[in-house]
Amino acid sequence: MSHRLETHGRLIDRASTVKFTFNGKWLRGHLGDTLASALLANDRMLVGRSFKYHRPRGIVASGGEEPNALVNLGKGDRHEPNQRVTTTELFHDLRATSQNHWPSLEFDVGAINASLSRFLPAGFYYKTFMFPRAFWKHVFEPVIRQSAGLGSAPHPETRDPDRYEHFYAHVDMVVAGGGIAGLISALAAGRAGKRVLLVEQNAHWGGRAPVDGDVIDGKPAGEWVKDAVEQLEKMENVTLRLRTQLSGVYDHGYALAYERISDHLGEEGAPRHRLWRIRAGQIISATGAIERPLSFPGNDKPGVMLASAVRDYIVNYGVTPGDRIVVVTNNDDGYRTALAAHEAGVGVACVVDPRPEVTGALPEQVRALGVPIHAGSAISKVKGLKRVVSVRVQPYAEDDGSYEEISCDAVAMSGGWSPVVHLWSHCGGKLNWDEAQACFSPDPDRPPTNQNGEGFVTCVGAAAGGLRGDVAAASVAARLSALGIDAPAIPVDTPDEAPLAPVWVMPVYAGAKKRSKMWLDFQNDVKVSDVMLAAQEGYESVEHTKRYTTLGMATDQGKLSNINGLAVLAEALDKGIPQVGTTTFRPPYTPISMGAIAGEARGEIFQPLRRTPIHAWHEEQGAYMEPVGHWRRPYCFPQGSESHEDAVKREINATRNSLGLLDASTLGKIIVKGPDAPKFMDMLYTNMMSSLKPGKCRYGLMCNENGFLMDDGVVVRLDEDTFLCHTTSGGADHVHAHMEDWLQCEWWDWQVYTANVTEQWAQIAVVGPNARKLLEKLGGMDVSKDALAFMEMAEGKLGGFDARVFRISFSGELSYEIAVPASQGRAFWDALHEAGAEWNATPYGTEALHVMRAEKGFIMIGDETDGTVIPQDLGLNWAISKKKEDFLGKRGQERTYLASEDRWQLVGLESLDGSVLPDGSYCVARGFNANGQTNVQGRVTSTYYSPTLERGIAMGLVHKGPERMGETVEFNTVDGGRVQAKIVSPVFFDPEGEKQNV
Amino acid sequence: MLTLTCPNCGVAACETELAAGGEAHLKRYGPGSTDEQFEEYMFMRPNVKGVHFERWRHAAGCGKWFLAARDTATLEVFGTYSAQTTEPPANIIDAIKAKRPDWSQS
């Protein structure tokens with residue numbers, strides 16, 4: 001059984017007790033434990049189930065590479081699925097539950113998949129669910145959805161109660177990894193005066209060295225590390241962070257680090273996670289190496305662990321996974337586990353080693369302890385269901401019929417080590433295949449390059465391929481000196497190691513049945529047989545094989561499985577491993593929380609809000625607000641228990657019959673000024689703007705170079721060389737950028753200046769038959785029909801306010817839009833209400849605005865246009881100058897498809913039954929297209945209930961619509977029905993303009 | 001996350017401050033041009049792998065447009081320069097040739 005030892009445990013505080021629960025049962029651990037070591041101390045070998053076959057699974061690793069031991073952590077709104085127990089530090093009252101099983105971890109119905117595994121090979125989904133077609137929707141998909149996914153996601157309405165934040169750091173050097181190589185690097189760079197950020201993903205400095213017993217500079221590793229950290233802490237130019245992972249490297253020296261600040265404290269207050277957004281001159285990847293499993297039958301059973309993990313648990317936490325361990329290894333390093341176990345008083349049954357001769361220094365030490373070493377041997381079977389009971393040992397290379405059953409309760413396996421090259425590879429650093437160590441290691445001559453074409457990532461230590469302590473330390477000095485940093489060569493005493501044997505499948509002669517029990521990807525249940533099948537079926541690319549078999553697609557992203565998997569693929573394809581190559585390494589290195597990515601950008605500060613000077617008044621009135629770009633505008637102003645629909649009707653009737661007031665401050669306002677402004681305006685707009693007289697207004701259309709309608713609005717000529725361009729509320733920034741693009745990049749010799757003055761002005765529309773009376777009551781300006789005609793502008797003092805009065809109308813009523821400096825906006829609004837009370841001055845919102853403009857057949861950018869509509873489609877030919885040689889979009893509109901008569905064009909639509917046509921519904925035509933879909937001949941672009949006409953009205957684009965006045969056509973409805981409508985003029989109300997021209 | 005130095009304000013700007021504007025040094029074809037000329041101008045981007053001249057706007061900074069010469073494959077930046085020019089200046093061409101001797105302007 002797995003249990004706590006009397007000795008060892010350098011990271012735990014044995015005097016402390018930490019209580020936690022696993023699947024509801026209270027358990028005890030110590031401060032310094034990880035959830036993994038605490039579970040093992042409590043003999044919890046079985047911690048989860050695999051994804052596909054629901055196989056019983058135990059802890060395999062001791063770090064971030066763990067594929068099996070994923071749990072749900074926390075409860076309620078702090079619930080988080082798929083947390084690795086190996087990187088979760090224990091704290092008081094931690095709540096963990098296992099996942100991917102039903103009804104219980106011990107008894108799981110889904111495990112039946114395992115007995116069906118013969119029928120669930122690689123590519124099973126692709127092969128099985130093709131036919132019949134209807135089965136997909138009704139049978140296969142619901143079943144798959146039921147069984148898919150690991151862990152359980154929080155409810156979508158859950159709000160994360162924790163805080164997250166971003167840090168920005170600009171450093172000369174960021175060092176990823178606080179092991180020996182990382183510490184040497186940080187010390188050297190720190191002494192050289194560089195600004196250094198050193199991050200370590202675990203809670204302790206020193207990496208593996210203190211466990212593996214290296215002697216550094218004459219000192220035991222633990223002591224050397226303590227001294228090094230003390231020195232670093234004294235350097236003002238060095239920042240150190242534990243529990244911080246450099247999770248991704250991006251272009252031009254950008255990097256992200258993920259700091260877990262308070263996860264291990266289990267208390268509130270501090271931010272939970274912090275995302276470091278780093279610009280670094282150089283990134284040092286001292287990320288070490290990860291041990292590989294060996295592929296033997298039954299290697300996925302609980303109790304089969306990485307050899308390095310077994311000694312980590314013994315040395316660091318005083319926990320052993322068993323009382324009688326079998327070590328299986330193809331290299332000398334694995335013998336360290338036998339030594340560590342023996343020293344801790346844990347029985348070592350034997351060491352199984354496929355190499356025919358085993359003579360290295362470490363094996364000799366093991367042999368001297370009397371532990372049997374089975375050279376030239378392999379494990380061919382693991383007995384036991386929910387934990388290991390025994391292993392069968394057979395010859396590795398040739399089956400001579402002999403075998404031995406060895407009873408044991410844990411297996412420590414080592415298939416060699418793979419340098420962690422992720423950070424090197426994120427931005428394109430290239431790898432070499434290292435034949436001697438059977439691993440991919442970074443090629444220092446082909447680094448990822450930055451803006452200067454220079455390498456900006458440097459691997460040191462084990463990450464550089466130095467898998468032995470002395471070689472690793474030597475690599476730091478060599479690589480740093482190449483960067484111009486003087487790093488002393490630090491002597492490391494480490495025993496000589498004999499070469500490893502590249503073993504990808506054991507035993508060699510294992511048949512199909514045994515290969516279907518050799519796991520490569522533990523989480524996704526990908527076995528040696530699946531990869532071989534993929535190769536047999538023609539999958540040659542490693543990227544295709546990955547997706548076909550799901551090898552390496554689990555949450556661990558193939559940290560354990562990839563090299564073994566592609567070695568098996570290479571063998572099946574009879575190619576070399578370097579020819580097969582690796583899949584792409586993508587950030588982040590291990591999953592990081594969505595909260596950290598979002599940081600503080602959530603809730604109210606997710607996006608900055610733009611407020612008009614009158615915004616507060618709207619909120620006081622209880623207006624129902626809607627987003628318009630970054631603005632919030634009142635949709636309507638419901639009174640008491642009034643519905644939105646009734647409020648809109650009331651607002652429209654009040655405006656059409658007496659007086660309405662609209663906060664139009666969001667309207668874009670851009671000044672175009674300069675001697676060449678008239679010329680520039682003629683290029684920007686389809687209309688002739690240079691002929692506009694000062695003090696006059698003109699409705700203008702703006703197209704992009706393609707010819708499509710982009711924005712519209714009223715242009716006012718303020719003086720000879722100054723124009724004020726009104727744009728749509730959402731379009732101001734974009735239109736201003738469009739102007740600047742052409743001025744800066746095409747017509748840079750034109751003397752024109754533009755300024756976006758949208759927020760400098762509050763703008764209020766005073767609308768309705770009593771509009772003029774209200775302005776006259778305020779007094780100060782002559783706003784009579786003769787003094788200020790339709791489409792004219794006047795400046796002056798209106799009721800004491802500095803006003804620009806534009807006589808323009810978007811409603812068809814007598815209407816003035818009045819701009820006052822933003823600082824006077826609220827006071828002016830209040831003054832209008834006070835003076836307008838006798839005419840029941842009614843504030844109206846965007847919906848009333850929309851309905852009134854639709855009643856008049858005015859188009860709205862974004863409703864009638866969608867980026868594929870030209871002004872000619874909307875009957876706006878009158879606004880397109882035929883005199884001008886050129887304007888933006890003119891050439892585009894001359895293209896045959898756009899110049900054709902054969903287009904969908906704007907019409908009004910009246911449903912025969914008076915109902916409101918469904919928004920966006922299609923005008924149905926005869927027959928079906930090549931895909932069997934109903935042919936269409938148009939669509940609804942705007943549709944409203946008109947309180948003025950007391951019926952539904954709509955605008956739409958219909959094929960050759962203007963030629964088809966009076967024709968009845970059909971539109972589809974959401975429930976599959978049809979509704980009939982008559983094609984009419986888009987101007988539903990006051991076609992002669994009698995109301996506005998008074 | 002590229003960094004490009006804005007030649008207008010001198011700031012080494014992070015990509016989050018910048019807005020990309022596609023290929024630089026296009027010749028505009030307006031009314032009177034043939035369909036082929038207009039098509040070339042509007043749509044036919046070679047989308048090169050390698051040295052590329054491109055438009056950027058320091059959108060969340062000084063607001064000005066500038067041009068950059070950059071390797072689209074390695075992301076190496078050879079230089080940034082004023083948008084008010086119809087062709088890359090000599091110093092930019094020299095910088096490219098120093099790093100990419102085989103490159104020639106087509």
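This report walks through the cysteines, the domains of chain A and two interfaces.

We're looking at a predicted model, where local features need pLDDT of at least 70, side-chain atom pairs count only at pLDDT 80 or more, and totals for chains, interfaces and linings use all residues. Residues are numbered from 1 along each chain as its sequence is written, chains are lettered from A and ligands numbered from 1 in the order in which they are written, and side-chain values use heavy atoms, with hydrogens and water left out.

**Cysteines**

Over all chains there are zero disulfides, a disulfide being a pair of cysteine sulfur atoms within 2.5 Å. Two cysteines show why. Both are too far from the closest cysteine sulfur for a bond, as the table sets out. "Buried" here is under 20% relative accessible area, "exposed" is over 50%, and "partly exposed" is in between (1.4 Å probe, protein chains only).

| Cysteine | Closest cysteine sulfur | Relative accessibility |
|---|---|---|
| Cys427(A) | Cys459(A), 13 Å | 23%, partly exposed |
| Cys725(A) | Cys697(A), 12 Å | 0%, buried |

**Domains 3 and 4 of chain A**

The domain bounds come from an automatic or database domain assignment. Among the domains of chain A are domain 3 (166-289 + 418-493) and domain 4 (511-584). Their C-alpha centres lie 30 Å apart. Five residues of domain 3 are in contact with seven of domain 4, contact meaning heavy atoms within 4.5 Å.

The size of an interface is often given as the accessible area lost when the parts come together. Domains 3 and 4 bury about 510 Å² between them, with carbon and sulfur atoms giving 85%; that is the accessible area (1.4 Å probe) lost on being put together, summed over both parts. On the domain 3 side, His422(A), Trp433(A) and Phe440(A) supply 78% of the area buried against domain 4, more than any other three residues. The rule finds zero salt bridges across this interface, a salt bridge being a side-chain nitrogen of Lys or Arg within 4 Å of a carboxyl oxygen of Asp or Glu.

**Chain B against chain A**

Here 32 residues of chain B are in contact with 32 residues of chain A. The two chains bury about 2,500 Å² between them, 50% of it on carbon and sulfur atoms. Met1(B), Arg28(B) and Pro31(B) supply 27% of what chain B buries against chain A, more than any other three residues. Four salt bridges turn up across this interface. The side chains of Arg891(A) and Asp35(B) meet in a salt bridge, at 2.7 Å from N to O.
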